[in-house]
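Colleague: I want to learn how to read a model like this one. Can we go through it feature by feature?

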Amino acid sequence: MPKLIVTTAEGNEVSHDLTESQITIGRLPDNMIHIDDGSVSSHHAQLTESGGDYILQDLNSTNGTRVNGNAFTEGRLQDGDHIRFGKVETVYASEIPAEPRPLPRESHIAVTPAEQSQKPVGFANESPFQTKKKDRDPLALGVMIFAIVSMLAFIGAVVKIFQLQPPV
């Protein structure tokens, strides 16, 4: 028996056995599968039984229906299909094994080495943090030099004291 497993906003899974020949899915309580989520339309989609599996049809929902990550309006579901009604994730489970699916087509991405790339027009740093600038403060530099010279003089005086010999 096919099932539609709905993952709620809280992360719980609710399993719905698909036993009727036509099943409506939506936010309103008059739907056979009621999904209480604001991203789901009042009458979002419809399932129609056909040959042991179901055909899913989007009913012009506001946020759309996606099957396996692709926009979807109508088609046959297969075991393991991931269906998204608005923001709600569901999984279709069937006893009929799924047909092999083709791999996605490989798309070519143009790659430009960094030495050949150019800075986009109007490019600016949009960081909310200010760039730290190194300011040269002459007063701080003078205080630092005075402190270093004073420490060297103190160390020199201590060394001279230890070198004193008692009178003979």
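Modeller: Start with a definition: the expected span of a helix is 1.5 Å times one less than its number of residues. Keep in mind that this is a predicted model.

Colleague: How many residues does helix α1 have, and what should they span?

Modeller: Helix α1 covers residues 138-163, which is 26 residues. The expected span is 38 Å, and the end C-alpha atoms are 38 Å apart, so the two agree.

Colleague: Does α1 lie largely in the open or is it buried?

Modeller: Buried means under 20% relative accessible area. In α1 the number of buried residues is zero, so the helix lies largely in the open.

Colleague: Now the strands. How do strands of a sheet pair?

Modeller: They pair through backbone hydrogen bonds, either parallel or antiparallel. Here five strands form an open sheet, in the order β4-β3-β5-β6-β9, with mixed pairing. The edge strands are β4 (33-34) and β9 (74-76), and each pairs on one side only.

Colleague: Which bridges link β3, β5, β6 and β9?

Modeller: Take them in turn. β3 (residues 22-26) pairs with β5 (residues 45-50) in the antiparallel sense, over four bridges. There, Ile25 has Ala45 of β5 as its bridge partner. β5 and β6 are also antiparallel, with six bridges. Ala45 has a bridge partner in β6 too, namely Asp58. Then three bridges join β6 to β9, again antiparallel. Leu56 stands opposite Gly75 in β9.

Colleague: Where does β11 fit in, and what does it pair with?

Modeller: β11 pairs with β1 in the antiparallel sense over five bridges. Leu4 stands opposite Tyr92 of β11. β10 (residues 82-85) is joined to β11 by four bridges, and those two run antiparallel as well. Ile83 stands opposite Thr90.

Colleague: Which way do the side chains of β11 point?

Modeller: In a regular strand the side chains alternate between the two faces of the sheet. β11 shows that alternation: Val88, Thr90 and Tyr92 point to one face and are buried. Glu89, Val91 and Ala93 point to the other face and are not buried.

Colleague: What should I look for in phi?

Modeller: Look at the sign. Most residues other than glycine have a negative phi. Asn60 has a positive phi, near 55 degrees. Asn60 sits in the loop between β6 (53-58) and β7 (65-67). Asn68 also has a positive phi, of about 55 degrees. Its loop runs between β7 and β8 (70-72).

Colleague: Are Asn60 and Asn68 buried or exposed?

Modeller: Asn60 is exposed, at 76% relative accessible area. Asn68 is partly exposed, at 34%.

Colleague: Which glycines take a positive phi in the hairpins?

Modeller: Gly86 does so in the hairpin of β10 and β11, with phi near 65 degrees. Gly51 does so in the hairpin of β5 and β6, also near 65 degrees. Each of these hairpins has two residues between its strands.

Colleague: Last, the empty space. How is it found, and what lines the largest pocket?

Modeller: Rolling a probe the size of a water molecule over the atoms shows where empty space is left. The largest pocket holds about 250 Å³. Its lining has 15 residues, and Thr7, Thr8, Ala9, Ile35 and Val88 lie nearest its centre. β1 (3-7), β2 (13-17), β4 and β11 (88-93) each supply at least two lining residues. By class, the lining has six nonpolar, four polar and five charged residues.

Methods: Residues numbered from 1 in each chain as written. Predicted model: local features only at pLDDT ≥ 70, side-chain atom pairs only at ≥ 80, totals over all residues. Heavy atoms only, no water. Pairing = 2+ DSSP bridges. 1 Å grid on protein atoms, 1.4 Å probe; cavity = no way out; pocket = protein on both sides within 12 Å on 5 of 7 lines; lining within 4 Å. Points joined across faces, edges and corners; volume = space filled by probe spheres on them. Nonpolar A, V, L, I, M, F, W, Y, C, P; charged D, E, K, R; others polar. Buried < 20%, exposed > 50% of the residue type's maximum accessible area, 1.4 Å probe, protein only.
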